[in-house]
Amino acid sequence: MSTVVEALSELLNFPETIEKFVLSSSRPNDGDHHHRRSTFPADILDTPKEYVFYMDVPGLSKSDIQVTVEEENTLVIKSNAKRKREDGEEEGCKYVRLERRPYQKLTRKFRLPENCNLSAITAKCENGVLTVVVEKLPPPPKAKTVEVTIS
């Protein structure tokens, strides 16, 4: 995967900070629709002070989503939400057609750059959009050059 990312980075001339986001996520398992694993689409915004992740999570509430950091620098977003009964749906009824297939398990992982403040990550879920904000650490101070006179 890293060879593909390097080739694309050179080809498209991505800035170095964007190149550091090596996106690895689960892919849907097309063979088994009952235990299907999916990912949610994501936009990543790189601002001077933070990274902002926007993910579409239609039909999920904040209690359905788990945001964690694993292995020191991997942001992990998961959901194990299941289809809930619709309002007005009675016991004993069955669907004749189901086209709005719910996500059974959602997982998305992002490798974060080293300049992230892992203790200052926030997340909110509003109107079907999950927003995760990862603050950047201030850049390290530049080394001073001290000229020493030779005697």
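Let's start at Leu75. Leaving aside neighbours within four places in sequence, Leu75 is in contact with Phe53, Val67, Thr68, Val69, Arg108, Lys109, Phe110, Leu112 and Val132. Please keep in mind as we go that this is a predicted model.

Now, Leu75 belongs to the largest nonpolar core, a set of 17 residues. Which residues have the most contacts inside that core? They are Phe53, Met55, Leu75, Ile77, Leu130, Val132 and Val134. The elements giving two or more residues to this core are E4, E6 at 74-79, E7, and E9 at 129-136.

Two names on Leu75's contact list, Phe53 and Phe110, deserve a moment of their own. A search of the whole structure turns up one aromatic pair. The ring centres of Phe53 and Phe110 are 4.9 Å apart and their planes stand at 55 degrees, so we call the pair tilted. Where do the two residues sit along the chain? Phe53 is in strand E4, residues 50-56, and Phe110 is in strand E7, residues 105-111, so to speak a link between distant parts of the chain, 57 residues apart. Both Phe53 and Phe110 are buried.

While we are on rings, have a look at Tyr51 too. Lys136 lies over the face of Tyr51, 4.6 Å from the ring centre.

Back to E6, then, and to Val76, which is found in that strand. Is Val76 buried or exposed? Its relative accessibility is 1%, and because anything under 20% is counted that way, Val76 is buried. If we set aside residues up to four places away in sequence, Val76 touches Gln66, Val67, Thr68, Glu70, Arg108 and Lys109. As for Phe110, its C-alpha atom is 6.6 Å from that of Val76, with their positions 34 residues apart along the chain.

On to E9, my next stop. This strand is mostly covered, with six of its eight residues buried. How many bridges join E4 to E9? Seven, and the two strands run antiparallel. One example to find on screen is Met55, whose bridge partner in E9 is Leu130. You may remember both Met55 and Leu130 from the core list.

E9 also pairs with strand E8, residues 116-126, again through seven bridges and in antiparallel fashion. Glu126 stands opposite Val129 in E9. The hairpin of E8 and E9 has two residues between the strands, and there Asn127 takes a positive phi near 50 degrees.

Speaking of positive phi, let's visit the loop between strand E5, residues 65-70, and E6, where Glu71 is found. Glu71 is not a glycine, yet has a positive phi of about 50 degrees. Glu72 is in the loop between E5 and E6 as well, and its phi is also positive, near 70 degrees, in a residue other than glycine. Are these two glutamates buried or exposed? Glu71 counts as exposed at 69% relative accessibility, and Glu72 is exposed with a relative accessible area of 70%.

Let me finish by zooming out to the whole chain. There are two helices and nine strands, and from the N terminus on the order is α-α-β-β-β-β-β-β-β-β-β. Of the 151 residues, 23% count as buried. The accessible surface comes to about 11800 Å², and 51% of that belongs to carbon and sulfur atoms. Finally, among contacts between residues at least 6 apart in sequence, 58% join residues at least 24 apart. Thanks, everyone!

Key
Residues numbered from 1 in each chain as written. Predicted model: local features only at pLDDT ≥ 70, side-chain atom pairs only at ≥ 80, totals over all residues. Heavy atoms only, no water. Phe/Tyr/Trp six-rings, centres within 6.5 Å; stacked < 30°, edge-to-face > 60°. Helix = DSSP H or I, 4+ residues; strand = E, 2+ residues; numbered from the N terminus. Buried < 20%, exposed > 50% of the residue type's maximum accessible area, 1.4 Å probe, protein only. Lys NZ or Arg CZ within 6 Å of the ring centre and 35° of its normal. Core = buried A, V, L, I, M, F, W, Y, C linked by side-chain atoms within 4.5 Å. Contact = heavy atoms within 4.5 Å. Areas by Shrake-Rupley, 256 points an atom, 1.4 Å probe, with all protein chains shown as cover. Pairing = 2+ DSSP bridges.
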